[in-house]
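Visitor: I should like a close look at a single part of this structure, together with the elements and residues around it. Would you please take me through it step by step?

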Amino acid sequence: MGFFDTVRDVLGLSAERDATREADPEDFFQLNSASVTMEADLDYEPAPQAGLCLSAVSSTDFKSTLRDVEDVLEGDGFSEIRTDEHGYTWAVVERDDITDLTTELYVAADTLVERGYGNRLLAAVFGFDPLDGGRTVYWVYSFKRGSFYPFAPADDHERDSSTEFTLQSVLDGELDVEDDRSYWYPLWPDTPGGHPWE
């Protein structure tokens with residue numbers, strides 16, 4: 001995932017300092033009902049993958065915590081812990097149902113919080129695929145802001161701002177959407193056309 005230094009700052013200290021509400025992994029469950037609106041009003045269905053992004057710590061205890069996260073993610077469907085080329089760690093899950101995805105990432109995030117690594121959580125990313133077969137869009141949950149924002153990649157390192165504003169206008173009220181668009185940072189994948197965790 002192509003985080004740049006400015007993104008590191010926005011998803012980190014400055015975002016946390018300016019946040020108007022505390023992050024809570026239970027916010028993920030807002031997506032369960034929002035996904036119905038995404039499909040009925042916008043023709044997007046939940047993608048089968050989601051990812052939890054965190055900044056790693058070089059310690060034995062943190063590695064042990066990641067093993068615990070791996071354990072809680074084991075089950076039906078694909079899951080893995082991976083590190084992208086910028087050094088960020090991802091817990092990636094693939095499940096057939098949005099409720100399973102939100103639950104899995106909630107449990108993973110809660111495990112990190114319980115083990116004292118809640119401050120290492122950066123973002124949770126949930127994909128939605130257009131029914132017409134176009135590009136996947138994402139709802140990104142910023143742990144430093146305690147809110148969601150839309151991310152609609154277009155071409156390589158270009159965004160579809162019109163789609164992002166449509167997502168905001170339709171889902172604001174069902175999701176705690178970030179009002180300050182300066183915090184809507186793109187999470188570019190390492191490979192064009194890939195997911196942010198790829």
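Guide: An angle between two elements is taken between their axes, which are lines fitted to C-alpha atoms; it runs from 0 to 180 degrees between N-to-C directions. With this in mind, the part chosen here is strand β1, residues 44–55, and the model in which it is seen is a predicted one. Helix α3 lies across β1, β4, β5 and β6, and it runs at about 140 degrees to β1.

The setting comes before the detail. The protein chain has six helices and six strands. Read from the N terminus, its elements follow the order α-α-α-β-α-β-β-α-β-β-β-α. Of the 198 residues, 49% are buried. Among contacts between residues at least 6 apart in sequence, 66% join residues at least 24 apart.

The strands form an open sheet of six, in the order β2-β3-β1-β4-β5-β6, with antiparallel pairing. At the edges stand β2 (79–83) and β6 (147–151); each has a single partner strand, so one side of each lacks a neighbour in the sheet. From one strand to the next, the twist averages 20 degrees. As general background, strands of a sheet pair through backbone hydrogen bonds, in either the parallel or the antiparallel sense.

In the order of the sheet, β1 stands between β3 and β4. On the one side, β1 is joined to β3 (residues 88–94) by seven bridges, and the two strands run antiparallel. On the other side, eight bridges pair β1 with β4 (residues 121–130), again in the antiparallel sense. Single residues make these pairings easier to follow. Pro46 of the strand faces Phe128 in β4, and further along, Leu54 stands opposite Leu121 in β4. Towards β3, Gln49 has Glu94 as its bridge partner.

How enclosed is β1? Nine of its twelve residues are buried, so the strand is largely enclosed by the rest of the structure.

The approach to the strand also deserves attention. Asp43 lies in the loop between α3 (30–42) and β1. Its phi is near 65 degrees, which is positive in a residue other than glycine. In general, most residues other than glycine have a negative phi. Asp43 has a relative accessible area of 45% and is therefore partly exposed, since that class lies between the limits of 20% and 50%.

Within the strand, Gln49 repays closer study. Its relative accessible area is 18%, so Gln49 counts as buried, the limit being under 20%. Leaving aside residues up to four places away in sequence, Gln49 touches Val93, Glu94, Leu101, Gly127, His195 and Trp197. Gln49 and Gly127 are 78 residues apart in sequence, yet their C-alpha atoms are 6.7 Å apart in space. With His195 there is a polar contact, side chain to side chain, at 3.4 Å.

Phe128, the residue opposite Pro46, belongs to β4. With a relative accessible area of 0%, Phe128 is buried. Beyond four places in sequence, the residues that Phe128 touches include Tyr44, Glu45, Pro46 and Ala47, as well as Leu31, Ser35 and Met38. Trp139 is also touched by Phe128; these two residues are eleven apart in sequence and 8.0 Å apart from C-alpha to C-alpha.

A helix completes the surroundings. Helix α5 covers residues 98–114, and its 17 residues should span 24 Å at 1.5 Å a residue; the C-alpha atoms at its ends are 24 Å apart, which agrees. Its buried residues include Ile98, Leu101, Leu105 and Ala109. The buried residues of α5 pack against β1, and also against α3, α4 (60–73), β3 and β4. Two of these names have appeared before: Leu101 is touched by Gln49, and Ile98 is touched by Phe128. At the start of α5, a side-chain oxygen of Asp97 comes to within 2.9 Å of the backbone nitrogen of Thr99. After the helix comes Gly116, with a positive phi near 90 degrees.

To draw the picture together: β1 pairs with β4 over eight bridges and with β3 over seven, α3 lies across it, and buried residues of α5 pack against it.

Technical notes
Residues are numbered from 1 along each chain as its sequence is written. This is a predicted model: local features need pLDDT of at least 70, side-chain atom pairs count only at pLDDT 80 or more; totals for chains, interfaces and linings use all residues. Side-chain values use heavy atoms; hydrogens and water are left out. Buried means under 20% relative accessible area, exposed over 50%, partly exposed in between (1.4 Å probe, protein chains only). Helices (H or I, at least four residues) and strands (E, at least two) are DSSP runs, numbered from the N terminus. Two strands pair if DSSP finds at least two bridges between them. Contact means heavy atoms within 4.5 Å. The expected span of a helix is 1.5 Å times one less than its number of residues. A polar contact is a pair of N or O atoms within 3.5 Å; within protein, one must be able to donate a hydrogen and the other to accept it, and residues adjacent in sequence count only if both atoms are side-chain atoms.
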